[in-house]
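Me: I am new to this structure. Please take a close look at one part of it: the ligand and the space around it.

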Amino acid sequence: MNHNEDLEKIEIELLLQGLYSWCGYDFRNYAYSSLKRRIWHRVHAENLTSITGLLEKILHDPACLKRLVSDFSINVTEMFRNPTFFHHFRENVVPILRTYPSVRIWHAGCATGEEVYSMAILLHEEGVYEKTKIYATDINPDVLKTAKAGVYSLENMRKYTNNYIRSGGKNAFSDYYIAKDNGVKFHSYLTKNVIFAQHNLVTDSSFNEFHVIFCRNVLIYFNKSLQRKVQDLFYESLGMFGILGLGETETIDYTNKEDCYEMIAPGQKLYRKVK
Ligand SMILES: C[S@@+](CC[C@H](N)C(=O)[O-])C[C@H]1O[C@@H](n2cnc3c(N)ncnc32)[C@H](O)[C@@H]1O
């Protein structure tokens, strides 16, 4: 490591420590290279010249602090993201859920809610929604507001419709929303069994026992030790034979819990807790 990189690392550590001490947001174990990119983006966007300058600004300007936290929470999502994953969930997991008197599902890191509406639609079509309670959580309160409102841009609907069909959807996707202004609003019956709440996977603890936990495309932003810590939280929060769904590029392998799960369908990031 050269002198500049050393200095940059020290400044980043101070920034993250300052953020944590000041407002309790703990990004210290997020993946370094992605954090570094986002920090420099914020330094330039604030017309600053150094990371230390950004530290000073977040400590004295609450709006800047909010902007930095928002930079760290990457909210890219879509409906029926990775359609074959949802197809396998429908084929292999729903039959198990049917046998339970009631079902509890946790979407950890739900972003603006597209994944949650996808799940509600799927369960509705399979006749399981009525007995299900969905807990949809995220660190970022702003994205939860969008998730609750269920209003999305019209321009994504072609892609989402395509994903829905590929995931094994049984109806017309347009049955689930109405046009509103320049967007669409999903029907409120899809969220009548959903609780949206702020929850931080790094600092908050387990809050229920679940039959299914989805945490997709969140762990990629964490370093290995934080991934292990969050896998412990999921293990603790899943009942025996509970299902864990991860993102396409994420895996249970190389965590201290890999022996506790078996894969449900080859190649799919759907695991069942077996011990
Ligand atoms: C890329 S989105 C994933 C959305 C959805 N699960 C999907 O796969 O499409 C990642 C989400 O994780 C949330 N997140 C990041 N760190 C978190 C944390 N410590 N606790 C809870 N949510 C977190 C972000 O705010 C963001 O909304």
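Reply: **Loops, ligand and cavity**

Tyr 254 is found in the loop between β8 (238-246) and β9 (261-263). The model is a predicted one. In this model Tyr 254 has a positive phi of about 65°, although it is not a glycine. Asn 82 is a second case to look at. Its phi is positive too, about 55°, and Asn 82 is not a glycine either. Look for Asn 82 in the loop between α4 (62-72) and α5 (83-98).

Now go to the ligand. It is surrounded by 21 residues. The closest are Tyr 30, Thr 77, Arg 81, Asp 138 and Asn 217. By class, this shell holds nine nonpolar, eight polar and four charged residues.

Three side chains deserve a closer look. Take Thr 77: an N or O atom of its side chain is 2.5 Å from an oxygen atom of the ligand. For Asn 217, a polar side-chain atom lies 2.8 Å from a ligand oxygen. For Asn 75, the separation between a side-chain N or O atom and a ligand oxygen is 3.0 Å. The cut-off for a polar contact is 3.5 Å. The pair at Thr 77 therefore counts as one. So does the pair at Asn 217, and so does the pair at Asn 75.

How much of the ligand does the protein bury? Taken alone, the ligand exposes 600 Å², and the protein buries 99% of that.

Next comes the space itself. Rolling a probe the size of a water molecule over the atoms shows where empty space is left. The ligand takes up the largest pocket. This pocket has a volume of about 390 Å³. Its lining is made up of 26 residues. Nearest its centre lie Ile 74, Gly 109, Asp 138, Asn 217 and Val 218. The lining divides into 13 nonpolar, eight polar and five charged residues. Asp 138 and Asn 217 come up twice: they are among the residues closest to the ligand, and they are among those nearest the pocket centre.

Last, the cavity. The count comes to one cavity of 30 Å³ or more. The largest cavity has a volume of about 50 Å³. Tyr 30, Ala 31, Ser 34, Leu 35, Arg 38, Phe 72, Ile 74 and Tyr 221 line it. Helix α2 (residues 32-45) gives the most to this lining, with three residues. By class the lining has six nonpolar residues, one polar and one charged. Arg counts as charged, so the charged one is Arg 38.

Two names link the cavity to the ligand site. Tyr 30 lines the cavity and is among the residues closest to the ligand. Ile 74 lines the cavity too, and is among the residues nearest the centre of the largest pocket.

Notes. Residues numbered from 1 in each chain as written. Predicted model: local features only at pLDDT ≥ 70, side-chain atom pairs only at ≥ 80, totals over all residues. Heavy atoms only, no water. Near = heavy atom within 4 Å. Polar contact = N/O pair within 3.5 Å; in protein donor to acceptor, adjacent residues only side chain to side chain. Areas by Shrake-Rupley, 256 points an atom, 1.4 Å probe, with all protein chains shown as cover. 1 Å grid on protein atoms, 1.4 Å probe; cavity = no way out; pocket = protein on both sides within 12 Å on 5 of 7 lines; lining within 4 Å. Sits in = over half its atoms within 2 Å of the grid points. Points joined across faces, edges and corners; volume = space filled by probe spheres on them. Helix = DSSP H or I, 4+ residues; strand = E, 2+ residues; numbered from the N terminus.
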